[in-house]
Amino acid sequence: MDFAFGEEDESFRTEARSWLAGHAGGGRERRAWERVLGKAGWIGLGWGEGGYGNRTATLTQQVVWAEEYARSGAPPRSGHIGEKLLAPTLLAHGSAEQKARFLPPIASGEELWCQGYSEPEAGSDLAGVRTRAERAPDGSYRITGQKIWTSLAHEADWCFVLARTDPDSRRHHGLGFLLVPMDQPGRVEVRPIRQLTGTSDFNEVFFDGAHARAEHLVGGEGAGWTVAMSLLGFERGVSTLAQQIGFAAELARVVREAVDRGAVADPVVRDRLVRQWAELRVMRWHALRTLGGTGDAGAPSVAKLLWGGWHQRLGELAVRIRGAAGGAGPEDWTPSAPYALDETQRMFLFSRADTIYGGSDQVQRTIIAERVLGLPREPKGGV
């Protein structure tokens with residue numbers, strides 16, 4: 001696409017930058033921050049005209065907002081799963097009633113969502129769904145099973161769950177895409193997963209006869225795979241450009257530390273720093289080239305391969321620049337605070353997962369091989 005910022009985009013940038021400067025500080029709690037964003041209309045810029053409480057913006061203006069948000073140092077988002085994944089899916093596949101019920105609370109920041117896709121022992125095989133959704137006499141569904149690596153489940157009000165509605169089906173057949181309330185004591189249990197960083201952004205979620213209303217099945221019976229695949233296509237686009245603003249800030253911090261420590265005297269370090277800078281530019285141009293495009297089956301996989309490996313290599317380089325000091329925490333160990341890390345150490349540890357979550361590198365390469373290059377499909381069952 002022909003991508004350029006015009007006068008209206010720059011005026012929008014000025015408005016966004018001014019608003020963020022006046023509201024982004026103060027250390028707000030994340031749920032409260034979502035409501036602040038919603039009240040000002042900044043949630044759902046890309047939904048189009050629909051009367052759901054969101055303001056509308058062109059594609060270039062959405063890029064402007066994402067860039068300014070990343071630059072502002074505003075709090076991390078808790079509502080992005082509902083805004084960026086579920087909302088576009090409902091706009092594409094949801095009924096009028098589903099849109100009217102769920103989009104306004106997302107736009108106002110009042111309801112937060114999590115994604116119930118991955119399951120134990122299935123890895124990145126999304127079709128290996130064992131969670132069951134059985135019809136009850138009243139027509140509703142009773143969901144039983146387990147999801148894992150569920151981001152922000154401990155904060156979420158709702159979960160969109162991929163479950164098997166036909167007990168005799170296999171693989172991608174007989175699946176349903178259900179909207180499930182999380183506040184069901186005894187029927188929904190969330191267990192945080194402690195990460196290398198000491199935080200717990202990911203969770204296990206156990207469903208034991210959890211209720212989902214019949215009218216909260218998106219796309220109809222057996223359409224779960226189609227809806228789920230459509231949702232995955234929304235994971236690329238404007239958000240990747242904002243992500244790259246954060247990457248650029250991390251790279252600048254690593255470069256400053258390399259200069260301060262004298263590590264830039266090492267030609268290998270200089271070479272790796274230049275490579276990181278060049279690869280980040282490639283990521284940006286790839287994101288701009290594919291922004292707003294449809295029908296490019298390989299674009300999401302290429303983007304994931306580019307940024308996952310890049311970020312992991314940056315973390316490794318940051319620790320290498322520090323040498324032995326990279327293993328020492330910023331504070332002395334105490335029983336009450338045994339796990340202190342600084343920004344660079346958290347980046348290094350968290351980036352170990354970048355080539356796994358959201359679809360591992362191996363899965364992305366298989367998608368490119370089969371759907372883009374037309375190579376023979378990978379044999380099933382280890383044959």
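Colleague: Which residues point one way from strand S4, and which point the other way?
Modeller: This is a predicted model, and in it strand S4 covers residues 158-164. S4 is mostly covered, since seven of its seven residues are buried, and the residues on both sides of the strand therefore count as under 20% in relative accessible area. Trp-158, Phe-160, Leu-162 and Arg-164 point one way, and the other way point Cys-159, Val-161 and Ala-163.

Colleague: In which sense do S1 and S4 pair, parallel or antiparallel?
Modeller: The bridge partner of Trp-113 in S4 is Trp-158, while Gly-116 stands opposite Val-161 in S4. Four bridges are found between S1 and S4, and the sense of the pairing is parallel.

Colleague: In S1, which residues point the other way from Trp-113 and Gln-115?
Modeller: Strand S1 runs over 113-116, and its residues Trp-113 and Gln-115 point one way and are buried. The residues that point the other way are buried too, and they are Cys-114 and Gly-116.

Colleague: Which residue in S5 stands opposite Arg-164?
Modeller: S4 and strand S5 (residues 175-181) run antiparallel and are joined by seven bridges. Arg-164 is buried, and it points the one way from S4 along with Trp-158, Phe-160 and Leu-162. Its opposite residue in S5 is Leu-175.

Colleague: Which residue in the turn of the hairpin of S2 and S3 has a positive phi?
Modeller: Strand S2 (residues 132-135) and strand S3 (residues 141-147) run antiparallel with four bridges, and Arg-132 stands opposite Thr-144 in S3. The hairpin has five residues between its strands, and the residue in the turn with a positive phi, of about 95 degrees, is Gly-139.

Colleague: How many salt bridges does the structure hold?
Modeller: Side chains of opposite charge can pair when their charged atoms come close. One of these pairs is Arg-13 with Glu-10, where the closest N and O atoms are 3.1 Å apart. Counted over the structure, the number of salt bridges is 27.

Colleague: Is Arg-13, which forms a salt bridge with Glu-10, buried or exposed?
Modeller: Arg-13 and Glu-10 both lie in helix H1 (residues 7-23), three residues apart, which is about one turn of the helix. Glu-10 has 36% relative accessibility and so counts as partly exposed. Arg-13 has a relative accessibility of 9%, so Arg-13 counts as buried.

Colleague: Where do Glu-111 and Arg-101 lie, given that their side chains meet in a salt bridge?
Modeller: The N to O distance of this salt bridge is 3.1 Å. Glu-111 is buried because its relative accessible area is 17%, whereas Arg-101, at 32%, counts as partly exposed. The two are ten residues apart and link distant parts of the chain, with Glu-111 in the loop between helix H5 (96-107) and strand S1 (113-116), and Arg-101 in helix H5.

Colleague: How many residues apart in sequence are the parts that Glu-343 and Arg-253 tie together?
Modeller: The side chains of Glu-343 and Arg-253 meet in a salt bridge of 3.9 Å, N to O, and Arg-253 is buried at 19% relative accessibility. Glu-343 is in helix H10 (residues 343-350) and Arg-253 is in helix H7 (residues 238-260), so the separation in sequence of the parts tied together is 90 residues.

Colleague: Which elements give two or more residues to the lining of the second largest cavity?
Modeller: The structure holds two cavities of 30 Å³ or more, and the second largest has a volume of about 40 Å³. Its lining consists of Trp-42, Leu-45, Gly-46, Gln-62, Trp-65, Glu-83 and Lys-84, which by class are three nonpolar, two polar and two charged residues. The elements asked for are helix H3 (59-72) and helix H4 (80-93).

Colleague: What is the radius of gyration of the chain?
Modeller: The chain has eleven helices and eight strands. The globule rule gives 21 Å for 383 residues, and the computed value is close to this, so the chain is as compact as a globular protein of that length, with a radius of gyration of 22 Å.

Methods: Residues are numbered from 1 along each chain as its sequence is written. This is a predicted model: local features need pLDDT of at least 70, side-chain atom pairs count only at pLDDT 80 or more; totals for chains, interfaces and linings use all residues. Side-chain values use heavy atoms; hydrogens and water are left out. A salt bridge is a side-chain nitrogen of Lys or Arg within 4 Å of a carboxyl oxygen of Asp or Glu. Buried means under 20% relative accessible area, exposed over 50%, partly exposed in between (1.4 Å probe, protein chains only). On a 1 Å grid over the protein atoms alone, a cavity is a set of points where a 1.4 Å probe fits but cannot get out, and a pocket is an open set with protein on both sides within 12 Å along at least five of seven lines; lining residues have an atom within 4 Å of a point. Grid points are joined across faces, edges and corners, and a volume is the space filled by probe spheres set on the points. Ala, Val, Leu, Ile, Met, Phe, Trp, Tyr, Cys and Pro count as nonpolar, Asp, Glu, Lys and Arg as charged, and the others, Gly among them, as polar. Two strands pair if DSSP finds at least two bridges between them. The radius of gyration is taken over C-alpha atoms; the globule rule is 2.2 Å times the number of residues to the power 0.38.
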